[in-house]
Amino acid sequence: MISFLIALIVLIAGYFIYGGFVEKVFRVDSSRETPASTMADGIDYVALPTWKVYLIQFLNIAGVGPIFGAIMGIMYGPAAFLWIVLGTIFAGAVHDFMSGMISLRMGGKSLPEIVGSELGKKVKVVMSIFTCILLVMVIAVFVRTPSNLLATLTPDSLNATFWAGCIFTYYILATLLPVDKLIGNLYPVFGFALLFMAVGIMGYMIINGVEIPDGFAEGLYNRHPAEEAAPIFPMMCISIACGAISGFHATQSPMMARCLKNEKHGRMVFYGAMVSEGIVALIWAAAAIAFTGGYDKLASYMTANGADAGILVHEVCVKWLGAFGGILAILGVIAAPITTGDTAMRSLRLIIADAIGISQKKFGKRLLVTIPIVAVSYLLLNVNFDILWRYFAWSNQTLSIFTLWACSVYLAKSKRAYLITMIPAMFMTALCVTFICFAPTGAYVEGVGLPLIYSEVVGLVAMTICTFLFIKWRKALPEMENVPA
């Protein structure tokens with residue numbers, strides 16, 4: 001319990017201390033008008049109350065990621081706690097804050113536009129294609145998951161196909177309607193429910209003195225049952241994505257950048273939402289080993305239940321929080337992925353519209369962009385779920401590499417402390433390349449299947465090349481005075 005409380009305190013302190021430092025590096029200007037006022041269109045550029053923007057951003061980036069990912073990640077041992085805390089403070093929150101605030105300064109531009117402006121037109125094209133593919137996979141994955149679950153809870157006549165149709169219809173409405181309608185009214189409720197569930201679990205553990213067998217005293221060695229086939233680096237760092245850093249988040253931040261009333265709220269919305277997600281991941285990682293009785297017992301539990309983290313979530317909530325907890329668990333497992341899929345579709349609409357220069361103020365033009373997205377997403381529903389998830393697993397984190405290097409260029413051009421994004425960019429480059437090289441072909445994830453040592457060498461080489469090119473570019477920059485972005 002002491003280790004858990006220390007980790008919790010460090011996360012909260014990280015928001016105020018390091019988050020404040022990152023805010024100063026960016027040079028937030030509270031007197032500067034935001035796109036919500038200068039570009040208001042009543043559709044995507046809509047000024048919303050800050051608490052709503054925070055809860056929408058939190059639910060946008062969270063979903064079930066910090067719950068399921070933390071449960072699967074804690075199987076690697078106490079190193080997972082360190083990754084959640086340090087990854088959130090120094091990588092994930094910085095990644096989300098910078099992508100959100102740069103978008104704010106660029107008039108709410110989408111991620112590919114931001115990356116393209118910093119890394120060049122060729123990279124922008126690659127980024128646009130890569131991002132669109134990722135988001136379409138997100139839409140398809142988060143239609144299948146909740147529709148299958150809903151089918152098991154309803155009469156046989158209401159099968160998965162029926163629920164998939166309902167969810168798709170909701171996605172279309174959430175994509176086409178003004179952001180303050182469906183999303184602005186539903187998301188704060190679901191976001192609060194997700195936070196309430198996590199706080200309830202944490203409160204139960206603290207009040208009842210539940211033992212959390214974290215195993216720090218025995219060392220940080222790998223506890224995963226697959227042992228050498230599942231090394232902490234890179235496998236654990238990919239398993240815990242949303243609870244530490246996730247490239248997907250940078251596709252969502254521009255949506256809320258279009259709704260912020262004041263730049264000074266950026267830390268709460270972008271950095272704060274990521275820290276909140278880290279806290280949720282920390283709670284569920286602790287709850288998983290506390291409820292089952294340790295790492296070995298957690299591994300046995302997951303094996304016995306087909307590695308379905310949703311079963312553990314439901315059982316924990318019911319036994320610790322009663323019937324109300326069970327309702328929250330079901331709500332979270334069903335609503336959370338749906339609220340990830342709908343904003344993925346909306347952000348994809350915005351990305352495509354930005355890329356081809358189509359105004360989204362008129363309904364007909366929004367529909368024009370949305371129809372092909374729906375068509376492609378529907379086709380992907382017929383692809384084997386396991387195949388979709390394999391590619392989503394690594395492409396999600398690979399996206400963060402582009403974002404972090406673009407943010408580093410942005411800061412360097414303005415003579416600011418670019419190391420805050422450059423160091424995470426270096427780490428994520430090495431991590432993702434190592435993962436892609438190591439992950440076995442045709443397994444849970446899709447990779448090359450090289451031995452770990454060779455994969456690590458390739459990852460370090462990739463990191464070195466990217467760092468060398470950045471430093472070379474940085475030295476070639478003309479001397480200039482500090483200028484606001």
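**Salt bridges in a predicted model**

Arg349 is buried, its relative accessible area being 0%. The model in which this residue sits is a predicted one, and a search of the whole structure returns 8 salt bridges. Among them are the contact between Glu23 and Arg267 and a network of salt bridges that links Asp44, Arg346 and Arg349.

**The network around Asp44**

- Arg349 forms a salt bridge with Asp44, and the closest N and O atoms of the two residues lie 2.8 Å apart; this pair joins distant parts of the chain, since Arg349 belongs to helix α15 while Asp44 lies in the loop between α3 and α4, 305 residues apart.
- Arg346 also meets Asp44 through its side chain in a salt bridge, with an N to O distance of 2.8 Å, and here too distant parts of the chain are linked, with Arg346 in helix α15 (residues 309–356) and Asp44 in the loop between α3 (35–38) and α4 (50–62), 302 residues apart.
- Arg346 has a relative accessible area of 1%, and it counts as buried because that value is under 20%.
- Asp44, at 4% relative accessibility, likewise counts as buried.

**The Glu23 and Arg267 pair**

- The side chains of Glu23 and Arg267 meet in a salt bridge at 3.3 Å, taken from N to O, and the pair connects distant parts of the chain, with Glu23 in helix α2 (residues 18–26) and Arg267 in helix α13 (residues 266–292), 244 residues apart.
- Both Glu23 and Arg267 are buried.

**General background**

- Side chains that carry opposite charge can pair when their charged atoms come close.

Definitions and conventions
Residues are numbered from 1 along each chain as its sequence is written. This is a predicted model: local features need pLDDT of at least 70, side-chain atom pairs count only at pLDDT 80 or more; totals for chains, interfaces and linings use all residues. Side-chain values use heavy atoms; hydrogens and water are left out. A salt bridge is a side-chain nitrogen of Lys or Arg within 4 Å of a carboxyl oxygen of Asp or Glu. Helices (H or I, at least four residues) and strands (E, at least two) are DSSP runs, numbered from the N terminus. Buried means under 20% relative accessible area, exposed over 50%, partly exposed in between (1.4 Å probe, protein chains only).
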